[in-house]
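Here are a few exercises on pockets and a bound ligand. Take your time with each task before reading its solution.

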Amino acid sequence: MSLPFSVQFIPVENISALEADENVLAAIRYASIASAENTEKPLFSVGLPNLALSNVVEVWYSDVAVKTSLIDGIQLSYNDDILFGHLLLDESEYEDIVAASEHAYRLILDAINALDYPYILRIWNYFSSINDDQQGLERYKQFCLGRQQTLDSRGGFVYSPPAATAIGTSGGGLQVYFIAAREPGIQLENPRQTSAFLYPPQYGVVSPAFSRATIKKWQNTTHLYISGTASIVGHETRHIGQVEKQLEETLKNIEALVQHGAETQDLSINTLTDLSYLKVYLRDLFMLSITEELLIRRYGRNLPEVIFLQGDVCREDLLVEIEAAYILNEVDA
Ligand code: 3EB
């Protein structure tokens with residue numbers, strides 16, 4: 001019995017073996033600037049420094065040897081079930097981040113349709129200076145506009161918006177990576193939060209196009225991909241300026257989401273500690289020890305794997321964001 005793929009965090013010292021490994025779908029490093037290896041395979045660095053002392057590589061393993069392809073600059077790898085793609089655009093080649101984002105999404109939708117994996121399950125978006133104003137509009141809001149322009153011209157995401165992350169880096173272009181499938185996932189929203197695509201207009205020219213989570217039933221297992229989650233209740237930011245309180249609210253949101261998934265879908269997990277990993281984005285280095293202590297105090301040894309990255313959250317008043325997933329590494333006997 002096989003799994004479509006799994007995710008593991010391994011010490012960065014072990015990276016040399018990855019390039020030749022035919023079962024590697026993708027390998028992601030965390031660095032001060034975004035970059036991609038010059039191959040078809042998605043082997044790349046995200047422009048977010050890892051705040052922990054020992055750096056890791058995030059490795060996406062396929063159960064079988066993958067195929068690879070380069071379409072319009074998108075590095076793609078795939079097996080029968082899943083497609084992994086990575087795109088890094090040089091923003092200076094575009095008029096603004098609206099145009100870059102519109103172009104990125106157009107290339108991505110074309111590529112997934114060409115290879116016939118039309119359903120994006122999960123997508124990550126990274127670009128610099130996310131909270132800066134340019135021509136009077138915050139760059140995050142411009143990014144949302146470009147994304148939406150492509151969706152409007154192409155009839156939207158097939159089935160439902162994917163789970164997503166959008167985080168500000170310190171530099172290095174517009175970077176987007178994603179997983180897509182031949183069959184759709186199930187959209188999961190959070191009862192504590194207004195769905196992002198229904199946010200009122202104060203948060204942008206268009207509402208952000210993402211779901212709180214995607215549930216995907218594979219043959220032998222059910223996965224849960226949780227979007228970047230922050231201290232937002234309803235549609236409002238809570239606990240402005242208070243890191244610990246924002247963290248607690250964020251954890252409550254993730255717990256509520258998982259619980260809701262367990263109640264409404266046949267998910268085999270029901271608490272945060274059942275998740276496979278947490279990825280914590282912190283606006284400032286000084287928040288690291290506070291965050292680690294709070295997580296350990298609350299969850300102790302039950303805590304899943306956690307990685308801490310330095311990045312800017314897409315609302316200026318948010319200090320922390322956490323994403324997570326439930327992706328089993330081995331099929332239960
Ligand atoms: C939020 O809940 C925080 O625009 O793709 C989180 C995840 C956020 C994804 C996106 C934005 C996005 O509204 C921001």
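The exercises below go from the pockets to the ligand, and the model they use is a predicted one.

**Exercise 1. Describe the largest pocket: its volume, its lining and the elements that contribute to the lining.**

Solution. Start with the space itself: the largest pocket has a volume of about 320 Å³. Next, look at its walls, which are lined by 23 residues. Those closest to the centre of the largest pocket are Tyr 140, Tyr 199, Ile 232, Cys 314 and Arg 315. Then ask which elements give two or more residues to this lining: they are helix H2 (139-154), strand S12 (163-169) and strand S16 (222-229). Finally, sort the lining by class, and you get 12 nonpolar, four polar and seven charged residues.

**Exercise 2. Do the same for the second largest pocket, giving its volume, its central residues and the classes of its lining.**

Solution. The volume comes to about 160 Å³ for the second largest pocket. Its lining has 13 residues, and Pro 4, Asp 80, Asp 81, Trp 218 and Gln 219 are the closest to its centre. By class, this lining divides into four nonpolar, three polar and six charged residues.

**Exercise 3. Which pocket does the ligand take up, and which elements give two or more residues to the shell around the ligand?**

Solution. First place the ligand: the space it takes is the largest pocket. Now turn to the shell, where H2 and S12 are the elements that give two or more residues. S12 supplies the largest share, with three residues. Sorting the shell by class gives eight nonpolar, two polar and three charged residues.

**Exercise 4. Find the residues nearest to the ligand, then list side-chain polar contacts to its oxygen atoms.**

Solution. There are 13 residues around the ligand, and Tyr 140, Arg 147, Tyr 199, Arg 212 and Cys 314 come nearest. Two of these names may look familiar from the first exercise: Tyr 140 and Tyr 199 are among the residues closest to the centre of the largest pocket. For the contacts, use a cut-off of 3.5 Å between N or O atoms. These pairs pass:

- Tyr 199: a polar side-chain atom lies 2.7 Å from a ligand oxygen atom.
- Arg 147: an N or O atom of the side chain is 2.8 Å from an oxygen atom of the ligand.
- Arg 212: a polar side-chain atom is found 2.9 Å from an oxygen atom of the ligand.

As a last step, consider burial: the ligand taken alone exposes 360 Å², and the protein buries 99% of that.

Key: Residues are numbered from 1 along each chain as its sequence is written. This is a predicted model: local features need pLDDT of at least 70, side-chain atom pairs count only at pLDDT 80 or more; totals for chains, interfaces and linings use all residues. Side-chain values use heavy atoms; hydrogens and water are left out. On a 1 Å grid over the protein atoms alone, a cavity is a set of points where a 1.4 Å probe fits but cannot get out, and a pocket is an open set with protein on both sides within 12 Å along at least five of seven lines; lining residues have an atom within 4 Å of a point. Grid points are joined across faces, edges and corners, and a volume is the space filled by probe spheres set on the points. Helices (H or I, at least four residues) and strands (E, at least two) are DSSP runs, numbered from the N terminus. Ala, Val, Leu, Ile, Met, Phe, Trp, Tyr, Cys and Pro count as nonpolar, Asp, Glu, Lys and Arg as charged, and the others, Gly among them, as polar. A residue is near a molecule or strand if one of its heavy atoms lies within 4 Å of it. A polar contact is a pair of N or O atoms within 3.5 Å; within protein, one must be able to donate a hydrogen and the other to accept it, and residues adjacent in sequence count only if both atoms are side-chain atoms. Accessible areas come from the Shrake-Rupley method with a 1.4 Å probe; for residues, only the protein chains shown count as cover. A molecule sits in a cavity or pocket if more than half of its atoms lie within 2 Å of its grid points.
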